Amino acid sequence: MQSLEAKPQHPPDYYSQLDWQRGYDSQPGEFAYWIDDCEGEIPAALTGTLFRNGPGLLDVGGEPIGHPFDGDGMICQITFQNGRAHFRNRFVQTEGYLAEQQAGKILYRGVFGTQKAGGWLANLLDLKIKNIANTHVMYWGDRLWALWEAAEPHRLDPHSLDTIGLDSIDGLLQPGDAFAAHARIDPGSVETGRWATTPTGDRRFVNFAVKPGLSTTITIFELDETGKLVSRHAHSVPGFAFLHDFAITPNWCIFFQNPVSFNPLPFVLGMKGAGQCISLDAKQPTRALLIPRDGSRSLKVLEMPPCFVFHHANAFESADGQQVTIDSVCYDSFPTLEPGQDFRAVDFERLPPGQLWRFEMDLVGDRVESRCLETRCCEFPSLHPNAVGHQHRYLYIGAARSPEGNAPLQAILKIDVQTGDRQLFDLGVRGFGGEPLFVPNPTGQTEDDGWVLLLTYNAERHASDLVIVDAQDLSLVARLQLKQHIPYGLHGSFVPQVFGI
Ligand code: CO
């Protein structure tokens, strides 16, 4: 959360903006094939399925969309078994995707700035929003969901990626209900020091839903291993809240209510997307909202210096339960585009970089202390699944090649929060990344025994590579060359089940 004013300009050789832009070409094709082009060897112990979601189309019928977050969700599935890998991608067959593909033009306004042709008049009072199912893909209780935070999930067949339809989760959700895209999986009774991934049977899928307004209602849902609802409770907080992600500990769900205001008038009048009507008020504090997981008490609110957060890495409690620590990627303003600005022409230097911060919350004294763990521009943190909600030592995060300023993510950074050690896997000047995912070695004995998987855009080939690195030293294990490019994505997950082959 430093001022960028005094920062030097980047040396020009970190990346080319033209290379970066081509990673946002639409990918209308759907493919299924064994990946034969592979540098290195896929570890035999790496067994399971990587699912990843993100915008597949950045235009509709040649008409560009206004922001990549408005692009139709496309799922990639990469299945690993016996040292081989199989690739498949499919679009989520949402109502909006099907209607727009048939019409060959944009029919819906996007939350982040996509407007129908015809200027503000054509968009006036059109508040109909498309559930684009493009943010995350998670498997739980025999269901694969494409998640988008403002509406119900789409259920998919985990083998074929066929869209089954909107899922009410056995009546849990009513039509139009929100279900966040960032569920957390509580690993259950994992003993400290045990990093092998044997299922314990008491894992929980913890998610939330936000109903914004003058006051904001946050509903917490917990599902057991079979997908059955085990708890649901709702809490109201004053003011508008933009809550994309949260973190959990055994006792708490933790949200950051960023000091943002929402002025809906330009959205209602058709001049801006809803996401462009949000602004950060840097004079107001950020509020940490701690909601008890058991729903027995009302929520606890702690004030701290203003910042904006999309993603949290992890949270954990002290042994006496009196302190909660959370690591989060913070921005010192809300990164947004002006209406009419082409996102491909964005000047990275003018936007704030994400930086990793640690917040130590004293629940007795109601105080929050914060410090920056990593100033290098970074986003999309990941960690060992058995560390979720517990004290972690290692984080893996997408990072810029340049140690300073804002830039595209072109590296994987491993951070040892205990010693402060850093390791960097650099994709090179023509490689672009996103969310790295840590996948544990099933027989692993240490927290970093496993691999980090990253789907990259390789501008050299105008195609994507799936990069596998050793999580202990970030050395390259294998680079799998896909036959086509996949536009930059958002979130994904790995499950040990073998699907789709
Ligand atoms: Co996210």
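In this predicted model, strand β23 (residues 323–331) and strand β24 (residues 355–362) run antiparallel and are joined by eight bridges. Within this pairing, Ile326 faces Phe359, a residue of β24. The two strands belong to an open sheet of four strands, in the order β22-β23-β24-β25, and the pairing is antiparallel. At its edges lie β22 (308–317) and β25 (367–374), each of which pairs on one side only. From one strand to the next, the twist averages 25 degrees. As background for a reader new to such sheets, strands pair through backbone hydrogen bonds, in either a parallel or an antiparallel manner.

The loop between β24 and β25 contains Asp366. This residue is not a glycine, yet the phi of Asp366 is positive, near 55 degrees. Asp366 counts as partly exposed because its relative accessibility is 41%. A positive phi also appears at Asp170, again a residue that is not a glycine, with a value of about 55 degrees. Asp170 sits in the loop between β11 and β12, and it is exposed, with a relative accessible area of 67%. These values invite a second look, since most residues other than glycine have a negative phi.

A further open sheet is built from four strands in the order β26-β27-β28-β29, with antiparallel pairing. Here the edge strands, each pairing on one side only, are β26 (378–382) and β29 (422–426). The average twist between one strand and the next is 25 degrees. Along one edge, β26 pairs with strand β27 (residues 394–399) in the antiparallel sense over four bridges, and Glu379 stands opposite Gly398 of β27. Five of the five residues of β26 are buried, so the rest of the structure largely encloses this strand. At the other edge, strand β28 (residues 411–416) and β29 run antiparallel and are joined by five bridges. In that pairing Ala411 stands opposite Asp426 of β29.

Attention now turns to the metal site. The cobalt ion is coordinated by the NE2 atoms of His182, His244, His311 and His491, at 2.0 to 2.1 Å. Angles among the four donor atoms span 90 to 160 degrees, and the site is irregular. A tetrahedral assignment would require all angles to lie between 85 and 135 degrees, and the assignment is therefore ruled out by the upper end of the range, 160 degrees. For reference, the ideal angle for four tetrahedral donors is 109.5 degrees. Along the sequence, the donor residues follow the spacing H-x61-H-x66-H-x179-H. Distant parts of the chain are linked by His182, in the loop between β11 (163–166) and β12 (184–186), and His244, in the loop between β15 (229–238) and β16 (247–248), 62 residues apart. Both His182 and His244 are buried.

Aromatic contacts form another theme, with 28 aromatic pairs in the structure. One of these is the edge-to-face pair of Tyr24 and Tyr488, with 4.8 Å from centre to centre and 85 degrees between the planes. Tyr24 lies in the loop between α1 (17–22) and β1 (32–34), while Tyr488 lies in the loop between β34 (476–481) and β35 (492–495), so the pair ties together parts that are 464 residues apart in sequence. Tyr24 counts as buried because its relative accessibility is 12%, and Tyr488 likewise counts as buried, at 9%. The rings of Phe80 and Phe494 form a tilted pair, because their centres are 6.5 Å apart and their planes are at 40 degrees. Phe80, in strand β6 (residues 73–81), and Phe494, in strand β35, are 414 residues apart, and this pair links distant parts of the chain. With 0% relative accessibility, Phe80 counts as buried.

Tyr24 and Tyr488 also take part in one aromatic cluster, together with Tyr15, Trp20, Phe343, Phe348, Phe432 and Tyr457. Aromatic rings meet charged groups as well. The charged end of Arg84 is placed over the ring of Trp34, 4.3 Å from the ring's centre. Lys483 lies over the face of Tyr33, and its distance from the ring centre is 5.0 Å.

Methods
Residues are numbered from 1 along each chain as its sequence is written. This is a predicted model: local features need pLDDT of at least 70, side-chain atom pairs count only at pLDDT 80 or more; totals for chains, interfaces and linings use all residues. Side-chain values use heavy atoms; hydrogens and water are left out. Two strands pair if DSSP finds at least two bridges between them. Axes are lines fitted to C-alpha atoms, for helices over the stretch in contact, and angles run from 0 to 180 degrees between N-to-C directions. Donors are N, O and S atoms within 2.8 Å of the metal (3.2 Å for Na, K and Ca); water is not among the atoms, so sites may look incomplete. Four donors count as tetrahedral if all angles lie between 85 and 135 degrees; four count as square planar and six as octahedral if opposite donors are over 155 degrees apart and all others between 65 and 115; anything else is irregular. Buried means under 20% relative accessible area, exposed over 50%, partly exposed in between (1.4 Å probe, protein chains only). Rings of Phe, Tyr and Trp (its six-membered ring) pair if their centres lie within 6.5 Å; planes under 30 degrees apart count as stacked, over 60 as edge-to-face and the rest as tilted. A charge sits over a ring if NZ of Lys or CZ of Arg is within 6 Å of the ring centre and within 35 degrees of the ring normal.
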